[in-house]
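Grab a pencil and work through these exercises with the model open beside you. Each task comes with a solution in small steps.

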Amino acid sequence: MNKNKGRGFEIEIIEYDKSMREDVLRFYRELPAEDIYKRFFGVCKDFECYVDNLEGKDGIILVARYGERIIGVCEAYPVNESEWEVAIIVDKEFRRRGVGRRLLTEIALRIRDMGGRILFGIINRSNTEAIKACMKLGCKAESYDYQTVKLFYILQ
Ligand SMILES: CC(C)(COP(=O)(O)OP(=O)(O)OC[C@H]1O[C@@H](n2cnc3c(N)ncnc32)[C@H](O)[C@@H]1OP(=O)(O)O)[C@@H](O)C(=O)NCCC(=O)NCCS
């Protein structure tokens, strides 16, 4: 995961703070339905409540910004001493330009610094875009249930 391609445009990866709340809410609310399904399995309707929960949790939230515009969010939470669950979404317009790689690389470094060893995400089997991207980034996949796969990455 340690390649850091600029792909010809400048973005910044920053840690979420409450001053970004409205922009993050707008980013989530403006996602097309298919992306809400991919990212939240279709279950999240109340983003205000979701962001409230994020702010109260003991994890890492990174935001990718292009100028003033939020173009991606990546969140990770420890589920035990060594494993962290990760979720990510990049604005469709900015995909395949290295934003996902930047967010995941940065969050992986922070998780490693905090003593984590394994990153994982549970993804719908139909979400081939995310599965291909994660495999390209070095993740391994294992069957989780009939609908989902568990993608995981072991930190070196
Ligand atoms: C998964 C996701 C975050 C990837 O973000 P991204 O910014 O497009 O990823 P990158 O551009 O950094 O791509 C990372 C690698 O995966 C590859 N990749 C990305 N999308 C791909 C696709 N659809 N097919 C094949 N390879 C793909 C890229 O080529 C790149 O490899 P490279 O650097 O060796 O060229 C993005 O597709 C997304 O937001 N999907 C919807 C939300 C979602 O499904 N989240 C996962 C569940 S939480």
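**Exercise 1.** Find the residue that stands opposite Ile61, and work out how its strand is joined to E2.

*Solution.* Keep in mind that this is a predicted model.
- Step 1: look across from Ile61 and you land on Glu75, which belongs to strand E3.
- Step 2: check the pairing of the two strands. E2 and E3 run antiparallel, with 7 bridges joining them.
- Step 3: follow the chain round the turn. The hairpin of E2 and E3 has 2 residues between the strands, and Gly67 there takes a positive phi near 60 degrees.

**Exercise 2.** Now go to the other neighbour, and find the bridge partners of Cys74 and Ala76 in E4.

*Solution.*
- Step 1: the link between E3 and E4 is a hairpin through 4 residues.
- Step 2: E3 (residues 69-78) and E4 run antiparallel and share 7 bridges.
- Step 3: read off the partners. Cys74 pairs with Ile88, while Ala76 pairs with Val86.
- A general reminder: strands of a sheet pair through backbone hydrogen bonds, either parallel or antiparallel.

**Exercise 3.** Is E3 mostly covered or mostly open, and which helix lies across it?

*Solution.*
- Step 1: go through the strand residue by residue. In E3, 7 of its 10 residues are buried, so count it as mostly covered.
- Step 2: look for the helix. Helix H1 (residues 21-29) lies across E2 (60-66) and E3, and runs at about 95 degrees to E3.

**Exercise 4.** Put the strands of the sheet in order, and say which ones stand at the edges.

*Solution.*
- Step 1: walking across the open sheet, you meet 7 strands in the order E1-E2-E3-E4-E5-E7-E6, with mixed pairing.
- Step 2: the ends of that walk are E1 (12-15) and E6 (140-143). Each has a single partner strand, so one side of each is left without a neighbour in the sheet.
- Step 3: add the twist, which averages 30 degrees from one strand to the next.

**Exercise 5.** Why does Ile111 count as buried, and which residues does it touch?

*Solution.*
- Step 1: locate Ile111, which sits in helix H4 (residues 99-113).
- Step 2: apply the cut-off of 20 or more C-beta neighbours within 10 Å. Ile111 has 23 of them, so it counts as buried.
- Step 3: leave out residues up to four places away in sequence, and the contacts of Ile111 are Ile60, Ala76, Trp84, Gly116, Leu119 and Leu155. You've already met Ala76, the partner of Val86.

**Exercise 6.** Which residues come nearest to the ligand, and which helix gives the most to the shell around it?

*Solution.*
- Step 1: of the 25 residues around the ligand, the nearest are Arg95, Gly100, Arg101, Ala130 and Ala133.
- Step 2: sort the shell by element. Two or more residues each come from helix H2 (33-40), strand E4 (83-90), H4, strand E5 (118-124) and helix H5 (128-136).
- Step 3: pick the top contributor, which is H5 with 5 residues.
- Step 4: split the shell by type, and you get 9 nonpolar, 4 polar and 12 charged residues.

**Exercise 7.** Zoom out: how does the radius of gyration of the protein fit a compact globule?

*Solution.*
- Step 1: for 156 residues, a compact globule would have a radius near 15 Å.
- Step 2: the protein has 15 Å, which agrees.
- Step 3: compare the spans of the C-alpha trace, about 35 × 30 × 30 Å along the principal axes.

Technical notes: Residues numbered from 1 in each chain as written. Predicted model: local features only at pLDDT ≥ 70, side-chain atom pairs only at ≥ 80, totals over all residues. Rg over C-alpha atoms; globule rule 2.2 N^0.38 Å. Buried ≥ 20, exposed ≤ 12 C-beta atoms within 10 Å, placed from the backbone. Contact = placed C-beta atoms within 7 Å. Near = placed C-beta within 6 Å. Nonpolar A, V, L, I, M, F, W, Y, C, P; charged D, E, K, R; others polar. Pairing = 2+ DSSP bridges. Axes fitted to C-alpha atoms, helices over the stretch in contact; angles between N-to-C directions.
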